Number of protein chains: 2
Amino acid sequence: MDKDLTTEQKILEAARKIFLAKGLDGARMQDIADEAGINKAMLHYYFRSKDKLFQQIFAEVAGHFLPKIMAIFESEKTLFEKIETFCHEYISQVVQTPYVPIFILNEINRHPEEFLKKLFRNQMPPVQKMVKQLEKENEQGIIKKVEPLQLLLNVLSLCIFPFVAKPMIQIITGMDGTGFNEMMEQRKREVSTLIINSIKK
Amino acid sequence: MDKDLTTEQKILEAARKIFLAKGLDGARMQDIADEAGINKAMLHYYFRSKDKLFQQIFAEVAGHFLPKIMAIFESEKTLFEKIETFCHEYISQVVQTPYVPIFILNEINRHPEEFLKKLFRNQMPPVQKMVKQLEKENEQGIIKKVEPLQLLLNVLSLCIFPFVAKPMIQIITGMDGTGFNEMMEQRKREVSTLIINSIKK
DNA sequence: GTCTATATTCCGATAGAC
DNA sequence: GTCTATCGGAATATAGAC
């Protein structure tokens with residue numbers, strides 16, 4: 001389980017798992033210590049407090065995922081290619097770590113403090129670039145006239161929401177984890193064709 | 001503030017507000033007592049324990065919202081009418097209580113215990129009825145052939161996700177609450193036309 | 001650096017007077 | 001029914017030996 005990681009690495013790995021599963025308020029330092037296979041006192045030796053440890057984990061998790069979203073409209077591809085790429089890559093990745101989206105969204109809801117705002121302001125999506133591309137491809141007659149924010153919300157909603165609602169979906173449909181993943185695999189094409197057809201002229 | 005409600009009503013009102021804002025793990029009995037303007041001991045006098053109080057609140061909140069969702073495909077209208085009605089009514093309602101969706105989804109994630117499953121099994125959506133309507137309208141040449149679960153997920157994702165991500169959206173775009181509500185007003189048409197165009201033949 | 005033991009704070013729950 | 005005071009346990013955090 002622990003291989004030959006340093007103690008600090010073991011703590012971070014355990015803390016990520018526990019915080020993702022239980023959230024800041026629900027997680028116990030004892031849970032993290034047990035998961036890491038070490039003593040509770042070590043957590044404070046390395047990270048001083050529960051809050052400090054959490055902030056590091058949150059910064060890592062959010063700092064890894066938000067850029068993926070922000071980069072949707074960064075590259076130099078056509079809009080259609082960007083949308084298709086995003087849907088496939090995002091779903092492929094989050095299938096591996098399905099609790100990340102609700103973890104991030106929930107913690108933002110519960111603790112909308114300053115450090116959160118800073119985290120986001122440093123990663124403002126290139127909205128202007130996206131707007132320009134929309135205008136350009138509209139003039140070229142490739143796509144319809146669309147509201148940028150609504151389009152962005154459509155893509156994010158369709159890709160992310162199923163993960164946020166995963167337990168509810170499984171309860172209602174009776175699916176197991178594998179069934180859910182297969183459904184999400186199918187969903188890559190579903191979402192990208194839905195979006196593209198909605199803006200294609 | 002408290003008007004002439006009974007003590008029990010004051011407690012329930014306060015508990016709903018605090019639990020919605022902080023979740024089960026983050027809420028304190030003291031917070032609820034303060035919000036209700038009464039003493040902490042009264043909470044136990046009326047509801048015995050924090051857990052009992054929470055379960056009552058959760059059952060009320062979920063019991064009020066889930067049937068709305070389940071009823072999407074209950075009525076006798078055409079599919080197009082159902083979708084349009086749902087988008088408008090759901091968004092109108094949740095604008096009034098924007099934290100309900102993430103509250104429900106988060107608690108299901110954190111505590112997928114038996115009482116949750118029961119709550120849902122009592123409210124199984126009429127999937128079969130929906131499937132039949134899809135087949136029928138498909139044969140009549142009104143709509144394309146579609147995957148029922150994917151269609152359902154599309155509608156729910158597009159309507160619900162923006163509320164789940166509301167704080168993040170506001171931070172990123174710089175919107176205030178009013179701006180968000182205006183955007184959601186616009187979104188009623190955005191979502192229903194997007195969905196309907198995707199299945200219309 | 002790692003552990004055991006302990007301090008300290010916080011919080012859910014109860015006892016008991018009114 | 002409502003309050004004050006307090007208990008008892010749990011959780012974060014620290015002290016100190018090794």
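**Contacts with two DNA strands in a predicted model**

In this predicted model, a backbone N or O atom of A:Met29 lies 3.1 Å from a phosphate oxygen of DNA strand D. Side chains also reach the phosphates of strand D. A polar side-chain atom of A:His44 is 3.2 Å from a phosphate oxygen of this strand. From chain B, an N or O atom in the side chain of B:Thr7 is 2.9 Å from a phosphate oxygen of DNA strand D.

In total, 15 residues surround DNA strand D. The closest are A:Lys40, A:Lys50, B:Asn39, B:Met42 and B:Tyr46. Helix H3 (40-47) of chain A and helix H3 (40-47) of chain B each supply at least two residues of this surface. H3(B) gives the most, with four residues. By class, the surface near strand D has seven nonpolar, four polar and four charged residues. Of the strand D atoms within 4 Å of the protein, 64% belong to sugar or phosphate, and the rest belong to bases.

DNA strand C is surrounded by 14 residues. Here the closest are A:Thr7, A:Asn39, A:Met42, A:Tyr46 and B:Lys50. Sugar and phosphate make up 65% of the strand C atoms that come within 4 Å of the protein. Two chain A side chains approach phosphate oxygens of strand C. A polar side-chain atom of A:Thr7 lies at 2.8 Å from one phosphate oxygen. For A:Tyr46, a side-chain N or O atom is 2.9 Å from a phosphate oxygen. On chain B, a polar side-chain atom of B:His44 lies 3.1 Å from a phosphate oxygen of DNA strand C. H3 of chain A and H3 of chain B are the elements that give two or more residues to the surface near this strand. H3(A) provides the largest share, four residues. The surface near strand C has seven nonpolar, four polar and three charged residues.

Chain A is divided into domain 1 (1-48) and domain 2 (59-199). Taken over C-alpha atoms, the centres of these two domains of chain A are 30 Å apart. Seven residues of domain 1 are in contact with seven residues of domain 2 in chain A.

The largest nonpolar core has 141 residues. Within this core, A:Phe19 and B:Phe19 have the most contacts. Leaving aside residues up to four places away in sequence, A:Phe19 touches A:Leu24, A:Ala27, A:Ile32, A:Lys50, A:Leu53, A:Phe54, A:Ile57 and A:Phe103. One of these partners, A:Lys50, is also among the closest residues to DNA strand D.

Methods:
Residues are numbered from 1 along each chain as its sequence is written. Chains are lettered from A and ligands numbered from 1 in the order in which they are written. This is a predicted model: local features need pLDDT of at least 70, side-chain atom pairs count only at pLDDT 80 or more; totals for chains, interfaces and linings use all residues. Side-chain values use heavy atoms; hydrogens and water are left out. A nonpolar core is a set of buried Ala, Val, Leu, Ile, Met, Phe, Trp, Tyr and Cys residues joined through side-chain atoms within 4.5 Å. Buried means under 20% relative accessible area, exposed over 50%, partly exposed in between (1.4 Å probe, protein chains only). Contact means heavy atoms within 4.5 Å. A residue is near a molecule or strand if one of its heavy atoms lies within 4 Å of it. A polar contact is a pair of N or O atoms within 3.5 Å; within protein, one must be able to donate a hydrogen and the other to accept it, and residues adjacent in sequence count only if both atoms are side-chain atoms. Ala, Val, Leu, Ile, Met, Phe, Trp, Tyr, Cys and Pro count as nonpolar, Asp, Glu, Lys and Arg as charged, and the others, Gly among them, as polar. Domain bounds come from an automatic or database domain assignment.
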